[in-house]
Amino acid sequence: MTLDTAQYKRMYQRISAIEFSILRIGEYPIPSIIDIVSSIRLAKGNVFAEWKQSDTAKLFEDHGYKNKKELSGDVTPKSCIFM
């Protein structure tokens, strides 16, 4: 079994597990889905080349957006404080 075949098989097993989880509990396991997408995006060589060239892959490109951490101190809305 080649490395590419092994990677495809492992990814298929992971995606199948996610699908089963969705059917079983009715919720999307977001961290698992993010992990799968990251694994596909960062795979070396021509592994998942078709996906990497797709319009879907473009949605996950780094567009340079950064979270500005300019706020400091208490950021809790006053309406959320419980007495």
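Which residues does S39 touch, not counting residues up to four places away in sequence? The residues in question are M11 and R14. Keep in mind as you look around that this is a predicted model.

**Starting from S39**

S39 sits in helix α2. With 25% relative accessibility, S39 counts as partly exposed. You can also relate S39 to Q7: these two are 32 residues apart in sequence, yet their C-alpha atoms are 9.8 Å apart in space. The two contacts of S39, M11 and R14, are good places to go next, and we can take R14 before M11.

**The salt bridges**

Side chains of opposite charge can pair when their charged atoms come close. In this model the count comes to two salt bridges. One of them joins the side chains of D35 and R14, with 2.3 Å from N to O. This pair links distant parts of the chain, since D35 belongs to helix α2 (residues 30–42) and R14 to helix α1 (residues 3–25), 21 residues apart. Measuring tape in hand, you would find 9.9 Å between the C-alpha atoms of D35 and R14. Both partners are accessible to a degree: D35 is partly exposed at 40% relative accessibility, and R14 is partly exposed at 26%.

The side chains of D55 and K58 also meet in a salt bridge, here with 3.5 Å from N to O. D55 and K58 both lie in helix α4 (residues 55–58), three residues apart, which is about one turn of the helix. How accessible is D55, buried or exposed? D55 is exposed, because its relative accessible area of 58% is over the 50% cut-off. K58, at 43% relative accessibility, counts as partly exposed.

**The aromatic pairs**

A search of the whole structure finds two aromatic pairs. In one of them, the rings of Y8 and F48 have centres 4.8 Å apart and planes at 80°, so this pair is edge-to-face. Y8 lies in helix α1 and F48 in the loop between α2 and α3 (49–52), so the pair ties together parts that are 40 residues apart in sequence. The two rings have different surroundings by accessibility class: Y8 is partly exposed at 39%, whereas F48 is buried at 10%. W51 and F60 form a pair that is tilted, with 6.0 Å from centre to centre and 40° between the planes. W51 is partly exposed at 22% relative accessibility, and F60 is partly exposed at 36%.Here are the side-chain pairs together.

| Pair | Kind | Distance |
|---|---|---|
| D35 and R14 | salt bridge | 2.3 Å, N to O |
| D55 and K58 | salt bridge | 3.5 Å, N to O |
| Y8 and F48 | edge-to-face aromatic pair | 4.8 Å, centre to centre |
| W51 and F60 | tilted aromatic pair | 6.0 Å, centre to centre |

**The nonpolar core**

Which residues make up the largest nonpolar core? It has seven residues: M11, I18, I36, I40, A43, V47 and F48. The elements that give two or more residues to this core are α1 and α2. F48, the buried ring of the edge-to-face pair, is therefore a residue that you meet again in the core.

M11 brings us back to where we started. Leaving aside its neighbours within four places in sequence, M11 is in contact with I36, S39, I40 and F48. Of these, I36, I40 and F48 are listed with M11 in the core, while S39 is the partly exposed serine of helix α2.

**S21 and its neighbours**

For another serine, look at S21 in helix α1. Is S21 buried or exposed? S21 counts as buried, because its relative accessibility of 13% falls under the 20% cut-off. Not counting residues up to four places away in sequence, S21 touches G26, E27 and P29.

**A nonpolar patch on the surface**

Finally, turn to the surface, where Y28, I30 and I34 make a nonpolar patch of about 350 Å². I30 has its place in helix α2, the helix that also holds D35 and S39. With a relative accessible area of 47%, I30 is partly exposed.

**Putting it together**

Helices α1 and α2 come up again and again on this tour. R14 in α1 and D35 in α2 are joined by a salt bridge, and both helices give two or more residues to the largest nonpolar core. S39 in helix α2 touches both M11 of that core and R14 of that salt bridge.

Notes:
Residues numbered from 1 in each chain as written. Predicted model: local features only at pLDDT ≥ 70, side-chain atom pairs only at ≥ 80, totals over all residues. Heavy atoms only, no water. Salt bridge = Lys/Arg side-chain N within 4 Å of Asp/Glu carboxyl O. Helix = DSSP H or I, 4+ residues; strand = E, 2+ residues; numbered from the N terminus. Buried < 20%, exposed > 50% of the residue type's maximum accessible area, 1.4 Å probe, protein only. Phe/Tyr/Trp six-rings, centres within 6.5 Å; stacked < 30°, edge-to-face > 60°. Core = buried A, V, L, I, M, F, W, Y, C linked by side-chain atoms within 4.5 Å. Contact = heavy atoms within 4.5 Å. Patch = residues over 30% accessible without salt bridge, like charges linked within 9 Å, V, L, I, M, F, W, Y side chains within 5 Å. Areas by Shrake-Rupley, 256 points an atom, 1.4 Å probe, with all protein chains shown as cover.
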